[in-house]
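Here are my notes on this one, written for someone new to reading structures. Have the model open and turn it as you go.

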Amino acid sequence: MAEVVAKCGVKKKSGFLYFIDKNGNVACAEMSRAGRKKGRAKKSVVAKTKVKKESGYLYFVDKKGNVARAKMARGRKKGKKKAKKKVAKKKVAKKKVAKRKVAKKKVAKKKPAKKKVAKKKVAKKKAPAKKKVAKKKVAKKKAPAKKKAKKKVAKKKAVKKRKR
């Protein structure tokens, strides 16, 4: 692809960029690396070749250190563009993702605290009997709440086992 324009046999050092300057000479400049000061790097002419550049060509220093040129790619060929459009694109089938149901956590509502009413002691025998009845009712209400809590714990354990 590339053709040699001028033989000069420049030996390249690592860390330097070799190029053809405006006058057609081989020049080099230090590459930008860590530790180098900011600003433009100093250019130095390595070999005077006085190559006359033509438009439409890229001039460079090849592996052997000679000045070479290659034709620049300009535009696109019409035949290749149409050939690419004719190639059919494969349709990708989308996989259906099953949505998982999120189990909502039920928050146990706290019962409001009962206010204790201080009653004066009256010399009646019926009053103590009412207090006993009230204690039994409170005890009955607490028992179902414990059963519900046990059922919830059992359900949670069952759900965890299913996930495994």
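1. One term to begin with: a nonpolar core is a set of buried Ala, Val, Leu, Ile, Met, Phe, Trp, Tyr and Cys residues joined through side-chain atoms within 4.5 Å. Buried means under 20% relative accessible area, exposed means over 50%, and partly exposed is in between (1.4 Å probe, protein chains only). The largest such core here has eleven residues: Ala6, Val10, Tyr18, Ile20, Val26, Cys28, Ala47, Val51, Tyr59, Val61 and Val67. Strand 2 (16-20), strand 3 (26-30) and strand 5 (57-61) are the elements that give two or more residues to this core.

2. A word on where this comes from. The model is predicted, so to speak of local features takes pLDDT of at least 70, side-chain atom pairs count only at pLDDT 80 or more, and totals for chains, interfaces and linings use all residues. Residues are numbered from 1 along each chain as its sequence is written, and side-chain values use heavy atoms, with hydrogens and water left out.

3. Now the overall layout. The protein has two helices and six strands; helices (H or I, at least four residues) and strands (E, at least two) are DSSP runs, numbered from the N terminus. Reading from the N terminus, the order is β-β-β-β-β-β-α-α. Of the 164 residues in the protein, 13% are buried. The exposed surface is about 17800 Å², with carbon and sulfur atoms supplying 57% of it (Shrake-Rupley method with a 1.4 Å probe; for residues, only the protein chains shown count as cover).

4. Next, contacts, meaning heavy atoms within 4.5 Å. Take the contacts between residues at least 6 apart in sequence: 47% of them join residues at least 24 apart. Cys28, one of the core residues, is a good place to look. Leaving out residues up to four places away in sequence, Cys28 touches Phe16, Leu17, Tyr18, Phe19, Lys42, Lys43, Ser44 and Val46.

5. Let's turn to the sheet of strands 2, 3 and 4. Two strands pair if DSSP finds at least two bridges between them. An open sheet is formed by three strands in the order 2-3-4, with antiparallel pairing. Strand 2 and strand 4 (43-47) are the edges, each pairing on one side only. From one strand to the next, the twist averages 35° (axes are lines fitted to C-alpha atoms, for helices over the stretch in contact, and angles run from 0 to 180 degrees between N-to-C directions).

6. Zoom in on strands 2 and 3. They are antiparallel and share five bridges, and Ile20 has Val26 as its bridge partner in strand 3. The hairpin has five residues between these strands, and Gly24 there takes a positive phi near 90°.

7. Strand 6 (residues 67-71) deserves its own look: four of its five residues are buried. Strand 1 (residues 3-6) runs antiparallel to strand 6 and is joined to it by three bridges; Glu3 has Arg69 as its bridge partner. Strand 5 also runs antiparallel to strand 6, with five bridges, and Val61 stands opposite Val67. The hairpin of strand 5 and strand 6 has five residues between the strands, and Gly65 takes a positive phi near 95°.

8. Is Asn25 buried or exposed? Asn25 lies in the loop between strand 2 and strand 3, and counts as buried because its relative accessible area is 5%. A polar atom of the Asn25 side chain is 3.1 Å from the backbone nitrogen of Thr49. Apart from neighbours within four places in sequence, Asn25 is in contact with Phe19, Ile20, Val45, Ala47, Lys48, Thr49 and Lys50.

9. Finally, compare Lys50 and Val51. Lys50 is in the loop between strand 4 and strand 5, and so is Val51. Lys50 is exposed, at 59% relative accessible area, whereas Val51 is buried, at 8%. Most residues other than glycine have a negative phi. Lys50 has a positive phi of about 50° although it is not a glycine. As for Val51, its C-alpha atom is 7.7 Å from that of Val5, 46 residues apart along the chain. Not counting residues up to four places away in sequence, Val51 touches Val5, Ala6, Asn23, Gly24, Tyr59 and Val67.

Conventions:
Polar contact = N/O pair within 3.5 Å; in protein donor to acceptor, adjacent residues only side chain to side chain.
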